[in-house]
Every structure is written in structure tokens, then in C-alpha cells.
Amino acid sequence: LDEVLNGLDAASRRLFMRSLRRASEPGMAWVLTTHRLGERPGAITHAARLERGRLDAAVVAPGRNARQATAPAARRESSTRRALGNAAAERGSTPVLQLRNACVYRDERRVLGPLDWTIASGEHWLIVGPNGAGKSTLIALLYGDLSPADGGRIERQGFPPGTPISEWKSAVGIVSPELQSRYAATACTVEEIVVSGLHSSIGLDEPASPAERALASRRLAEVGLRGLGRRRARELSYGQLRRALLARALIVNRRMLLLDEPFDGLDASARDIVAAQVAAAVQRGTQVVLATHHPEDVPTYVTRCLTLPARRAARKRR
């Protein structure tokens, strides 16, 4: 079981752990890898740490390790909730992005909306909701990969109707599981992945210039991937590729960052690196929209929250 809890909401993680516990009763053996210590199952009998190719293992009392690991995560979650509740939202007066009666359909079934929502200048938003609520669809809509159905609209400050969507995308950085899946299937080098952020493209139509390569090298160093620019996407670990996508998103100053589960697949030190880079962008004036199932991943500057409810089985559009 390799990072099997990635992308699952809290209820789904509990259900998975319950199923694993039941499956363990007849004596079935299993091995689970995770970067989040709080997700270690209570039924483990052995724990191992892998670092630089070396494996250190120890027998542990069932349940003890998991409880000890969960406590700090619970404290972080409580702290984050207090920060969200107590921080004053520095709401600007100018709408940067507005959704009006926005709906998205896939295969003639409504998967998002109708939704009215405004992101004002200076606001940083958290998007929460169970699996299937439409968080990733909303991120894709904000980025411009999807469009609202007839009767709805999306307005972007400084980008009037008729403006090529590529101009908006050049002002926005995105990190998402979908983007990672697309790049994992390509033969792109890490350097090409990062440089493509200058063109809002998947891959490059022509080789990167020396200036672009130098810029990509600096961004890779900032996310802890120095010297990996010539590797192919498939040669990176899941977490390394996620950091390469962050370098892509931050290759230039952005007006907005759209981050869909940006910390999945990252170990604790990598999460710190990513969080620091995003915080630095915020200090430069970038606004953040973050979708995550993990309260401990929410930075304190995110003071606005949009909750998407669980969706019932959607009817086909007539």
C-alpha cells in the first residue's frame, strides 16, 4: 500500500483504515508507506524508516506508535482551526475573480454548481469538501481548463470577455494531481516541465533558451531539486515531481496560485520547503486558493473558506 490515503477525505481515510484493520484479523500481512506520521494504522506491529537507501526497522507495540504520531497532527489541526477562526480577513474591495451561477457538466451530468463566489483582492481561500464535491473541478474552472455552462459566467479582473484564456493562465500558477498525471506520462525533462510554466503549456514547442534554463535551475534549487533538471519526469519520485510542478508554478511572479492538494506525496521536510516558497510568493502579493483534505496543511494567512457540500447522484442535463 503505497501512499494509498492520498486524495482521500477524512471520512474515507477512516473507512480505509477500518477495512485494513478488518482485513488484518485473519493474519494477513501488509506493508503501508506514508509521509504523514499521523496516518500510521493502529494495527502495525513493525515500523521502518527508509533514508538514503538504508532501512531501520523495529518492533512496536500495536497501536502505540500510531497514537503517538497522531497527537502532534491533532494539535496542528486544532491550531489551524483557531488560526482560521481568529485571523481577520483582510478583504479587499476589488473583485479579482467572480463566479455567477456557474455550473460545470461532464458527460451531461452536473458536477459543480450552481455557484456564486467572489475572490476579492488580498484574499486567500481554502476549499474544503468530501471526495466528489467538485474541488478539483472548481480549480480547473478557475484556471480556465473548464468553462461554465450556458447561463453562468466567470469574470476575471483585467481580462474582459474575449481575452484569450492563455493571457489569464500566464498570470496564474497551478499545482494539481491532474497536471502531475499528465506530465508523468510524458518524456519531458524536469527542466522542460519548469520552463513550460512560462508558456502555460504541457511540454515545449521549441527548446528552452539559455536564460529560461538558468531561471528553471534557480527555481529547482529553491524547491530542493538542485541538479535534477536533466532527469525525465518518470525518473522522479511522486513527491519530487510535485515539487517540480511547484517550481513550474512559481517560475515567475503570479497573480494567483491554484493549489490542489499540493502537499500530497511530500515528506515533512519537503512540505516545509513548499510551504516556505508559497509563503514567499504571498509576501510578494500573490493570492492563494488551496484545496486540501488536511487541516494541518492550511497556512495561517488563509483566512477565507469555501465549503462544497457532498453531491448526490446528478441527473443528466436536458
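Is cysteine 103 buried or exposed? The legends below take you through this predicted model, and the first one settles that point.

**View 1. Two cysteines, cysteine 103 and cysteine 305, sit in unlike surroundings.** Cysteine 103 is buried, with a relative accessible area of 11%. That value falls under the 20% cut-off, so the residue counts as buried. Cysteine 305 is partly exposed, at 41%, because this value lies between the 20% and 50% limits. While you are looking at cysteines, note that the structure holds zero disulfides.

**View 2. Strand 3 and strand 4 form an antiparallel hairpin.** Strand 3 covers residues 95-106 and strand 4 covers residues 109-120. Eight bridges pair the two strands. To find your way along the pair, look for alanine 102, which stands opposite leucine 115 of strand 4. Two residues lie between the strands, and in this hairpin aspartate 107 takes a positive phi near 50 degrees. As a reminder, strands of a sheet pair through backbone hydrogen bonds, either parallel or antiparallel.

**View 3. Five strands make an open sheet with parallel pairing.** Follow the strands across in the order 7-8-9-5-10. Strand 7 (172-175) and strand 10 (304-307) stand at the edges; each has a single partner strand, so one side of each has no neighbour in the sheet. From one strand to the next, the twist averages 15 degrees.

**View 4. Strand 7 meets strand 8 in the parallel sense.** Four bridges join strand 7 to strand 8, which spans residues 256-260. A handy landmark here is valine 175, standing opposite leucine 259 in strand 8.

**View 5. Helix 3 and helix 8 pack on the sheet.** Helix 3 (residues 135-143) touches strand 5 (125-128), strand 7, strand 8, strand 9 (287-291) and strand 10. The direction of helix 3 makes about 155 degrees with that of strand 8. Helix 8 (residues 238-249) touches strand 7 and strand 8, and its direction makes about 175 degrees with that of strand 7.

**View 6. Stepping back, the protein chain holds nine helices and ten strands.** Of its 318 residues, 43% are buried. Among contacts with a separation of 6 or more, 69% come from residues 24 or more positions apart. The accessible surface of the chain comes to about 17,100 Å², and carbon and sulfur atoms account for 49% of that area.

Note on methods
Residues numbered from 1 in each chain as written. Predicted model: local features only at pLDDT ≥ 70, side-chain atom pairs only at ≥ 80, totals over all residues. Heavy atoms only, no water. Pairing = 2+ DSSP bridges. Axes fitted to C-alpha atoms, helices over the stretch in contact; angles between N-to-C directions. Contact = heavy atoms within 4.5 Å. Disulfide = S-S within 2.5 Å. Buried < 20%, exposed > 50% of the residue type's maximum accessible area, 1.4 Å probe, protein only. Areas by Shrake-Rupley, 256 points an atom, 1.4 Å probe, with all protein chains shown as cover.
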